[in-house]
Amino acid sequence: MPSSDAYPAIHAPLTLAGRPLKNRIVHASMTTRMQKNGRVTEPLIRYYENRARGGAAMVVSEPLAMLGRQAGDPKVQVRDPEAAAGLARWAAALEAHGALLLAQLQHPGRGRHHPGRTVDAISASALPDALSWTMPHALDASEIAALVAEFAESARRLADLGFAGVEISAGHGHLFHQFLSPASNRRLDAYGGDTERRTRLVRDLVRALKGACGPGFVVGVKLPAEDGVRGGVDGHEAGEIARLVAGTGDVDYVAFVRGAHDRSLEDHLPDRHGPPIPWRAMLAALRPACAGVPLMALGRITDPAEAEGLLAGGEAELVGLGRPLLADPAWLEKARAGRSDEIRYCLSCNSCWGYGTTFGRSLSCVTNPRVARPDEVWFVPPAAERARRIVVVGTGPAGMEAACVAAARGHAVTVLGRGNRIGGRLALAAELPGGESLSSVPDWQASAAARHGVDIRLGVDADVETVAALAPDAVVLATGAEMTSPDWLPPDYAAEGIVPDLGAAMASLHGRRARQGGTAVVYDMDHGEAVYAAVERLAALFDRVVVVTPREAIAMDLFLVARQGVLRRLSRLGVEVVMLVEPVWTDAFETEGRLALEHVYTGARTEIPDVVFLAYATPRRPADGLAAALAARGIPLHRVGDARSPQDLMFATATGHEAGLVV
Ligand SMILES: Cc1cc2nc3c(=O)[nH]c(=O)nc-3n(C[C@H](O)[C@H](O)[C@H](O)COP(=O)(O)O)c2cc1C
């Protein structure tokens, strides 16, 4: 159904602190890692501007450094006079698109999830951070008052530079949350003891911000809901905190988040293993505590229809979108145009957090290869100078991405796929536990390919003759990768698939429901998410499941929010893990199913009896057998995805996109 009439609740205006919002969509704060030397950069402005251009009415920035003690932090330095011009350009850029820009005000307190401890860790009490065991300095009352004053003074600077307001990040386990939670605040002075005193810092802060910046300066607060910490903020406590903070009369909107800087960190970014809008019931329970202050619903709201439902049903006044607007800044524009099917949906895979927040790379997204580029919003690739004939071999996400972009440029594109569907390895992963959202990648690519007239031929085992017969001007090789056989496995057993790789093994179990006695063993030399999704599936089929790895832990290549989830789920399923071992091939395995294991450091032997299923997940090598033959015929070749270098979905879509633009 075309037009914004399809989403009237999303497009209803609202006023916050006397400022008009043109609709109800807010970009939620996400660390972009796009600042440089404490200054605003052009990519940073473009990232936010693109979300405003795509229609968001209000944009909350990443956390800015607003205190003198944050001068060394990798954040935009509000107190640095040299940063002022950039900050003003940033605010003006958003205003030009009719969006309000709010600065996020945050301090990690004692928290750090990366290795290494913060030198300047501060908190309510001298208690260690749960993840890094950093011991903070407990701020005294005069330091707290000075901190409040400094935040307010910096906010005043931002107001003068054109910012419309601030959002206080008082959830996620950061400094303000540490004051709010009884688990981290054991003070007995004016800032701790009971809920009222634990909220004092935040209440003082909102009052100081309004005092310094005036009633027309928006002050939003992100508060903790259940934080998953023993002795921390539970549902009741969250309600009490909200009642006291909202009751100040100085707060313009409230949002709630789960999780903390603790063993519940994964909760703060609800991922694809859980349901959509997982915080809906929690919001309903906390809403009465907000005393009429507008509520911003947040947390894995990925579809315009979901946002519309929340707003139309009166469950919230605003909808905050973090990852969904990263995945597609034109989310709202496409919905308004009645073209929701063209939205590139967030997969809730959290690769953005892994690469950005953990590894310190610029914010990036598996379904959006153009983050922060000038032409990012509703990207249409430039037409090719001359229409050419392009053959793509492989229907995984890399090949399909290349095909869609090349065809959109006007090329005649044929895709050859061996299987009977598109998606490659990703299609397999989409069938494993937690994989459902992954199917939106091949779904989007299939519909984009259809729009641009891509000719997809399935069930074709393409050899050089098949490809050459199509007389291509260029070939995109997207043939993926295959696992290498592990050293401990006799080569003929690997060659004949008697002990299969995990991908082949899971394909052979496709559709199986009946449970089987005996033990399933997975040799894990991969440590990627798909391995553990397969293990979850095995746990539903076998009496006992054991993961065996030569490393000192499993899931080591996963970023923390994903690793916590993997470890929690496998543990709940009773999956056993044996670390620092390599299997040893013996007759006892073949005749009696007894798998011998050898400790990698000591050589000590143990064994797993009754093994009825054994598969391996190992480093992959490009399945690029066609490359040499095509090159010998002088056909220009572009390798993408795993066929270039076996990596992940981020690499697959990025290299496919890039190839589509250059063929
Ligand atoms: C990469 C990334 C970085 C984030 N950084 C911040 C941050 O700096 N401050 C903050 O309050 N929330 C941060 N968040 C949390 C989001 O604001 C939001 O609460 C969360 O992603 C859930 O919303 P969503 O499902 O719409 O993404 C971050 C989230 C992601 C994915």
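Two helices, α10 (323-327) and α12 (351-358), each contribute at least two residues to the shell around the ligand in this predicted model, and α12 provides the largest share of that shell, 3 residues. In total 21 residues surround the ligand, and the closest of them are Ser 29, Gln 104, Arg 300, Gly 322 and Arg 323. Sorted by class, the shell around the ligand comprises 10 nonpolar, 8 polar and 3 charged residues.

Several polar approaches to the ligand can be described atom by atom. An oxygen atom of the ligand lies 2.7 Å from a polar backbone atom of Arg 300, and a backbone N or O atom of Gly 322 is found 2.8 Å from an oxygen atom of the ligand. From a side chain, an N or O atom of His 172 is 3.3 Å from a nitrogen atom of the ligand. The ligand taken alone would expose 610 Å², of which the protein buries 97%.

Which pocket corresponds to the space taken by the ligand? That space is the second largest pocket, whose volume is about 930 Å³. The lining of this second largest pocket consists of 44 residues, with Thr 31, His 174, His 268, Trp 353 and Thr 357 lying nearest its centre. At least two lining residues come from each of β4 (58-64), β12 (318-321), α10 and α12, and α12 gives the most to the lining of the second largest pocket, with 3 residues.

A search of the whole structure also finds 3 cavities of 30 Å³ or more. The largest cavity holds about 100 Å³ of space, and among the 15 residues that line it, Cys 346, Leu 347, Cys 349, Cys 352 and Cys 365 are the closest to its centre. Both α10 and α12 supply at least two residues to the lining of the largest cavity, where α10 gives the most, with 3 residues.

The second largest cavity encloses about 40 Å³ of space, and its lining is formed by Arg 272, His 273, Glu 529, Ala 530, Tyr 532, Ala 533, Glu 536, Val 566 and Arg 569. Two or more of these residues come from each of α19 (529-539) and α20 (560-572), and the largest share, 5 residues, comes from α19.

The linings are set out by residue class below.

| Lining | Nonpolar | Polar | Charged |
|---|---|---|---|
| Second largest pocket | 17 residues | 19 residues | 8 residues |
| Largest cavity | 9 residues | 5 residues | 1 residue |
| Second largest cavity | 4 residues | 1 residue | 4 residues |

Note on methods
Residues numbered from 1 in each chain as written. Predicted model: local features only at pLDDT ≥ 70, side-chain atom pairs only at ≥ 80, totals over all residues. Heavy atoms only, no water. Near = heavy atom within 4 Å. Polar contact = N/O pair within 3.5 Å; in protein donor to acceptor, adjacent residues only side chain to side chain. Areas by Shrake-Rupley, 256 points an atom, 1.4 Å probe, with all protein chains shown as cover. 1 Å grid on protein atoms, 1.4 Å probe; cavity = no way out; pocket = protein on both sides within 12 Å on 5 of 7 lines; lining within 4 Å. Sits in = over half its atoms within 2 Å of the grid points. Helix = DSSP H or I, 4+ residues; strand = E, 2+ residues; numbered from the N terminus. Nonpolar A, V, L, I, M, F, W, Y, C, P; charged D, E, K, R; others polar. Points joined across faces, edges and corners; volume = space filled by probe spheres on them.
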